[in-house]
Every structure is written in structure tokens, then in C-alpha cells.
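Q: Please explain how the terms applied to this structure follow from their definitions.

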Amino acid sequence: MASYGLEELTAYDACTYTRSSGDEEAPMTYATCSFDRVLAPGESFELPAPLKARLAAHALNERLDISVEPGGGTEDIDSYDNYVALEIHADNTADFSVTGDAVSGAQGETVTSRLTFKNNGPAWLGNLGSGDPVADVRLIVPAGTTVTGAPSDCTPHTLSGGYYPRRTGAPRYDCALPYWVLEDTERSYDFSVRIDTVVPGATGAVSIHPEWGEFAFDPDTTNNKAVLAVN
């Protein structure tokens, strides 16, 4: 199994190759190979030619997973050593960015604000080992407003990030991205915001954050912050 940034795998006649769509899971290339070879105890088997792959222009943190199982219905008495994963780190970058919004309305009016995450590339990113979201899009709700509707993948929090008991009215929302984004992924989050009090120039902070650590692959973190301006 080769991750999205690995291309031109060595082709073997004994293998069939498929590629996942990338809808529910990160896009991968799968090779299933059957070799009709009898191995006596202590014997080994090598592929007909070395396995090679090319790093694509969008490669970053890649993986090549290889597993083996005996054929002919034979039982392996110890299958725990039948799998290995090779991590391949490309010298590349992925520029994450977030865009806020500017909305206005009268007191008591509900408006829609759109926050947008974008990967400007050139690399994709997949947390293939941990499965953690590649980033969280965070909204600090502007003063004088109340969120009356939030996307289903946005979790309400207290300002410090603690538990908040209701979907609406929270002072902070964290929207989790999937565990992978392609080199041109763009995702928007629409919030319904009620203007309780007209506060001229009110702004709420919009930002993106990793689940842990930092965006070491991001060459420009100045576009990781924006604002939601109201009136």
C-alpha cells in the first residue's frame, strides 16, 4: 500500500493495482501480488526486481506498507512479523491558510458568516499513522453576538477550550478537518450569528491549529490567522 505522494511503483506481472477514490479515506495505491513459489524452512524470496517509487510534486510525509501471508490456505504460526511500514519524508512544504469574513446587520438580526480553510500546496498532508485531524479551524465568537447555528463538525467550547454543554451560544468553536488534505483542498464552515448588540468594529479571532506540535511544514504562518468582523 503506497500513500498518495508515491507514484510510478515498480510494476510486476504477478500484481494487480488499484487506487482508492480518496472520498472516505486518504487516497492510496494498492498492489496485491501472488507468487507461486514453494519455500522450504530457512529459504527466502525476493521480488523479481527492486521495488521503486517516485516522489510526486505533492509528496510530504509518505508511507509504504508491505504485508505478506502464505498462500494455499497455509496457516502462519506467527503472523506478527508479517508487516512492515516504511516512512518517507519529502523535502517539501504545504502552506495552510484561513480566511475570515465581514458581516453586518441590525440588532436582533441573524447573519451567515463563512470561514474558509485552504491548503495552498504544493504538498498534501496526511496523518497516516495517528489519524489525527491535520488542523482545527478555531473561531472566537465576536462580542455582542451569539452563534445560533454551527456546522456539525465544529465542537463548542469554553474560551479556554473546556466542555460546553450546548451546540449554540458557545464563545468558541473548533472545527476539525479530516486526517488528510490534498494539495488544493478548500473547506468552508458557515456559522449563523445573531447580532444581540451592535458593537461597531467588533471582531472575533479565526485561526488554525495542529492537534499537537506545530505546522513545521508550513512556510508562511502569517496567513494562519484572520478575523470575523461584525458591523
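A: A fitting start is Cys 154, which stands opposite Cys 175 in S15. The model is a predicted one, in which local features need pLDDT of at least 70 and side-chain atom pairs count only at pLDDT 80 or more, while totals for chains, interfaces and linings use all residues. Residues are numbered from 1 along each chain as its sequence is written, and side-chain values use heavy atoms, with hydrogens and water left out.

Q: What makes S14 and S15 a pair of strands?
A: Strands are DSSP runs of E with at least two residues, numbered from the N terminus, and two of them pair if DSSP finds at least two bridges between them. S14 and S15 are joined over 4 bridges in the antiparallel sense, so the requirement of at least two is met.

Q: How do you know that S12 and S15 pair as well?
A: Strand S12 (residues 136-140) and S15 share 5 bridges, again in the antiparallel sense. Within S15, Arg 172 is the bridge partner of Ile 140.

Q: Why is strand S15 called largely enclosed?
A: A residue is buried under 20% relative accessible area, exposed over 50% and partly exposed in between (1.4 Å probe, protein chains only). In strand S15 (residues 172-176), 4 of the 5 residues are buried, so the strand is largely enclosed by the rest of the structure.

Q: What is the order of the open sheet with 6 strands, and what is its pairing?
A: The order is S9-S19-S18-S12-S15-S14, and the pairing is mixed. Strand S9 (101-103) and strand S14 (154-157) are at the edges because each has a single partner strand, which leaves one side of each without a neighbour in the sheet. From one strand to the next, the twist averages 20 degrees. Strand S18 (residues 202-209) and strand S19 (residues 225-230) pair over 6 bridges in the antiparallel sense; the bridge partner of Ala 202 in S19 is Val 230.

Q: What makes S8 and strand S13 the edge strands of the sheet in which they lie?
A: The open sheet of 4 strands runs S8-S10-S17-S13 with antiparallel pairing. S8 and strand S13 (145-149) each pair on one side only. Inside this sheet, S10 and strand S17 (residues 186-195) pair over 9 bridges in the antiparallel sense, with Ser 188 in S17 as the bridge partner of Thr 116.

Q: Why is the aromatic pair of Phe 35 and Phe 45 called tilted?
A: Rings of Phe, Tyr and Trp (its six-membered ring) pair if their centres lie within 6.5 Å; planes under 30 degrees apart count as stacked, over 60 as edge-to-face and the rest as tilted. By this rule the count comes to 8 aromatic pairs. Phe 35 and Phe 45 lie 5.0 Å centre to centre with 50 degrees between the planes, and the pair is tilted. Both residues lie in the loop between S4 and S5, so the pair ties together parts that are 10 residues apart in sequence. Phe 35 is partly exposed, with a relative accessible area of 32%.

Q: Why is the pair of Phe 96 and Phe 117 edge-to-face?
A: The ring centres of Phe 96 and Phe 117 are 5.0 Å apart and the planes stand at 80 degrees, so the pair is edge-to-face. Phe 96 in strand S8 (residues 94-99) and Phe 117 in strand S10 (residues 110-122) are 21 residues apart. Both Phe 96 and Phe 117 are buried.

Technical notes:
Axes are lines fitted to C-alpha atoms, for helices over the stretch in contact, and angles run from 0 to 180 degrees between N-to-C directions.
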